[in-house]
Amino acid sequence: MQARSNDLIIAPSILSADFARLGEECDAVLSAGADMIHFDVMDNHYVPNLTMGPMVCRSLREYGIKAPIDVHLMVEPVDALIEQFAAAGASYISIHPEATRHLDRSLSLIRDLGCKAGLVLNPGTSLDVVAQVLSRLDMLLLMSVNPGFGGQSFISYVLEKLRGAREMIDESGLPVRLEVDGGVKVHNMPDVAAAGADTFVVGSEIFGAPCYKDVIARLKAAAG
Ligand code: DX5
Ligand code: ZN
């Protein structure tokens, strides 16, 4: 087991929720024990799928969702949407390095607007890009599927990458969360947690379950 100082966070990805009842679905997972709402933004350009924009984030806030909203931007370019999501009530805003020309500027913009900044790496992207910007990050998110769709299988080589990221964060001494996104289920949660993740995005495993409370309790127990 790698060192891990942060509390565990379960962040249901509402990509797999019933979009016609999004507010109720968020309430349901939060009262079932989830800690944060993961909000997947896709633009049919950076990824081949189209989901939700800042108006939906604002609507969830107006509906009364108080928990942190973890906005995962799979869009290109990113800067204008960073501003719109900050204004719409996002807590974390995470961006992919390939989606901005000026990574340092985009990450700084997120913090300047009062949000927590995240960097997201696709499975095939090396950790090398992290070293330079680690001090700009509140969250490092490692994708364990190729972005664009829920319900895909966990890519197992990402476990090794998680271990490397955990080492890098611990060596820095910085308070950066290590999040994992894609194919996380009850059955692989022990391995994913042991590799050093402290923040777990879970979509289809939660929203496809008959009882949210039961599946979230099983995910937390499996994470230890
Ligand atoms: C994929 C998204 C994920 C996805 C997770 O591009 O970023 O958040 O919805 O869903 P599952 O847990 O079903 O892989
Ligand atoms: Zn995501």
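His38 lies in strand S2, and in this predicted model that strand also gives the largest share of the shell around ligand 1, namely three residues. The space that ligand 1 takes up is the largest cavity, and the protein buries 100% of the 380 Å² that the ligand exposes when taken alone. The points below deal with the ligand and its surroundings, then with two buried strand residues, and finally with two backbone features in loops.

**Surroundings of ligand 1**
- There are 20 residues around ligand 1, and among these Asp40, Gly148, Asp181, Gly203 and Ser204 come nearest.
- By residue class, the shell around ligand 1 is made up of eight nonpolar, 10 polar and two charged residues.
- The elements that give two or more residues to this shell are strand S2 (37–42), strand S3 (69–74) and strand S8 (199–202).

**Polar atoms close to ligand oxygens**
- A polar backbone atom of Gly148 is 2.8 Å from an oxygen atom of ligand 1, and a polar backbone atom of Gly183 is likewise 2.8 Å from an oxygen atom of the ligand.
- In the case of His72, the atom in question belongs to the side chain, where an N or O atom is 3.2 Å from an oxygen atom of ligand 1.

**Buried residues in strands S2 and S8**
- His38, in strand S2, has a relative accessible area of 0% and is therefore classed as buried, since that value falls under the 20% cut-off.
- The C-alpha atom of His38 is separated by 24 Å from that of Glu160, a residue 122 positions away along the chain.
- Thr199 is found in strand S8, and because its relative accessibility is 0%, Thr199 also counts as buried.
- The side chain of Thr199 makes a polar contact, at 2.7 Å, with the side chain of Arg177.

**Backbone features in loops**
- Most residues other than glycine have a negative phi, and most peptide bonds are trans, so departures from either pattern deserve a mention.
- The peptide bond from Glu76 to Pro77 is cis, with omega near 0°, and Pro77 lies in the loop between S3 and helix H3 (79–87).
- Asn44 is not a glycine, yet its phi is positive, at about 60°.
- Asn44 belongs to the loop between S2 and helix H2 (54–63), and Asn44 counts as exposed because its relative accessibility of 53% is over the 50% cut-off.

Methods
Residues are numbered from 1 along each chain as its sequence is written. Chains are lettered from A and ligands numbered from 1 in the order in which they are written. This is a predicted model: local features need pLDDT of at least 70, side-chain atom pairs count only at pLDDT 80 or more; totals for chains, interfaces and linings use all residues. Side-chain values use heavy atoms; hydrogens and water are left out. A residue is near a molecule or strand if one of its heavy atoms lies within 4 Å of it. A polar contact is a pair of N or O atoms within 3.5 Å; within protein, one must be able to donate a hydrogen and the other to accept it, and residues adjacent in sequence count only if both atoms are side-chain atoms. Accessible areas come from the Shrake-Rupley method with a 1.4 Å probe; for residues, only the protein chains shown count as cover. On a 1 Å grid over the protein atoms alone, a cavity is a set of points where a 1.4 Å probe fits but cannot get out, and a pocket is an open set with protein on both sides within 12 Å along at least five of seven lines; lining residues have an atom within 4 Å of a point. A molecule sits in a cavity or pocket if more than half of its atoms lie within 2 Å of its grid points. Helices (H or I, at least four residues) and strands (E, at least two) are DSSP runs, numbered from the N terminus. Ala, Val, Leu, Ile, Met, Phe, Trp, Tyr, Cys and Pro count as nonpolar, Asp, Glu, Lys and Arg as charged, and the others, Gly among them, as polar. Buried means under 20% relative accessible area, exposed over 50%, partly exposed in between (1.4 Å probe, protein chains only).
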